[in-house]
Amino acid sequence: MVNNLVFQASSVSADARATMKGQKPLVLWLTGLSGAGKTTVANAIEIALVERGRHTFLIDGDNVRLGLCRDLGFSDADREENIRRVAEVSRLFVDAGLIVITSFISPFERDRALAREVIGADAFMEIFIDAPLSECERRDPKGLYVKARKGLIKKFTGIDSIYEAPLAPDIHLNTLNDDVATVVSTVMTYLDERALA
């Protein structure tokens, strides 16, 4: 197939959009097992940022699976494509000058590395939402672990598909021991000191 596509640059730069919003655009990439608290923490982070007058957008894994990625399953290849698409969309939002919060299991290190590459290392912050599998199964907010243990869901992360925990995340949050207010405070302090100053 002949590819005759050419990237069309905008007359308004990404820097101009960021300056207009008065912020440094970036992506807060939340990763962790199902039930670790990603969605809860992501929502709380967005609220905290909006309360400070920041321009944000939250991209949730389930919502993306209902729309942009509804044609994908849960094979390793489909998971990789899911994350690639989210990374590309996140990059566009960064170019728009936004602070993007993503909430995805994103179980494979190689896929998170790809997301960092697509978005740009300077704008990518990996946040590991850490809770042990036993606690995630106890919480099981969507009843997915029960279904996976019964064999009703195949290739479920943590059961019959691996989760590769980040070795050196920018922020490591423990949702077993710390409540939502504490982990959000940790994130906001980190952003104040290193990203939003």
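Here are four short exercises on the pockets and helix packing of this predicted model, each with a worked solution.

**Exercise 1.** Work out how much space lies in the largest pocket, and what lines it.

*Solution.*
- Start with the volume: the largest pocket holds about 710 Å³ of space.
- Next, look at the walls. The lining of this pocket is made by 30 residues, and those closest to the centre are S34, D62, I105, K142 and L144.
- Now ask which elements give two or more residues to that lining: they are helix 2 (38-51), helix 3 (61-66) and helix 4 (76-95).
- Finally, sort the lining of the largest pocket by class, and you get eleven nonpolar, ten polar and nine charged residues.

**Exercise 2.** Do the same for the second largest pocket, and find which element gives the largest share of its lining.

*Solution.*
- The space in the second largest pocket comes to about 200 Å³.
- Its lining is made up of F7, Q8, A9, S10, V12, A14, R17, R91, L92, D95 and A96.
- Two elements give two or more residues to this lining, namely helix 1 (14-21) and helix 4.
- Helix 4 takes the largest share, with three residues.
- By class, the lining of the second largest pocket splits into six nonpolar, two polar and three charged residues.

**Exercise 3.** Decide how helix 2 is oriented against helix 8, then describe what sits in their contact.

*Solution.*
- Before starting, recall that two packed helices are described by the angle between their axes and the distance between the axes.
- For helix 2 and helix 8 (residues 180-194), the angle is about 55 degrees and the axes lie 10 Å apart.
- Angles from 65 to 115 degrees would count as roughly perpendicular and those under 35 as roughly parallel, so this pair is oblique.
- As for handedness, helix 2 and helix 8 make a right-handed crossing.
- On the helix 2 side you'll find T40, V41, A44, I45, A48 and L49, which meet V180, V183, V184, V187, M188 and L191 of helix 8.
- Tally that contact by class: eleven residues are nonpolar, one is polar and none is charged.

**Exercise 4.** Repeat the analysis for helix 4 and helix 5.

*Solution.*
- Helix 4 packs against helix 5 (residues 109-119) at about 25 degrees, and their axes are 9 Å apart.
- An angle under 35 degrees counts as roughly parallel, so that's the label for helix 4 and helix 5.
- The crossing of helix 4 and helix 5 is right-handed.
- Helix 4 brings D76, R79, E80, I83, R84, A87, E88, S90 and R91 to the contact, while helix 5 brings R110, D111, L114, A115, V118 and I119.
- Sorted by class, the contact of helix 4 with helix 5 has eight charged, six nonpolar and one polar residue.

Terms used
Residues numbered from 1 in each chain as written. Predicted model: local features only at pLDDT ≥ 70, side-chain atom pairs only at ≥ 80, totals over all residues. Heavy atoms only, no water. 1 Å grid on protein atoms, 1.4 Å probe; cavity = no way out; pocket = protein on both sides within 12 Å on 5 of 7 lines; lining within 4 Å. Points joined across faces, edges and corners; volume = space filled by probe spheres on them. Helix = DSSP H or I, 4+ residues; strand = E, 2+ residues; numbered from the N terminus. Nonpolar A, V, L, I, M, F, W, Y, C, P; charged D, E, K, R; others polar. Axes fitted to C-alpha atoms, helices over the stretch in contact; angles between N-to-C directions. Parallel < 35°, antiparallel > 145°, perpendicular 65-115°, else oblique. Left-handed = near helix turned anticlockwise from the far one by under 90°. Contact = heavy atoms within 4.5 Å.
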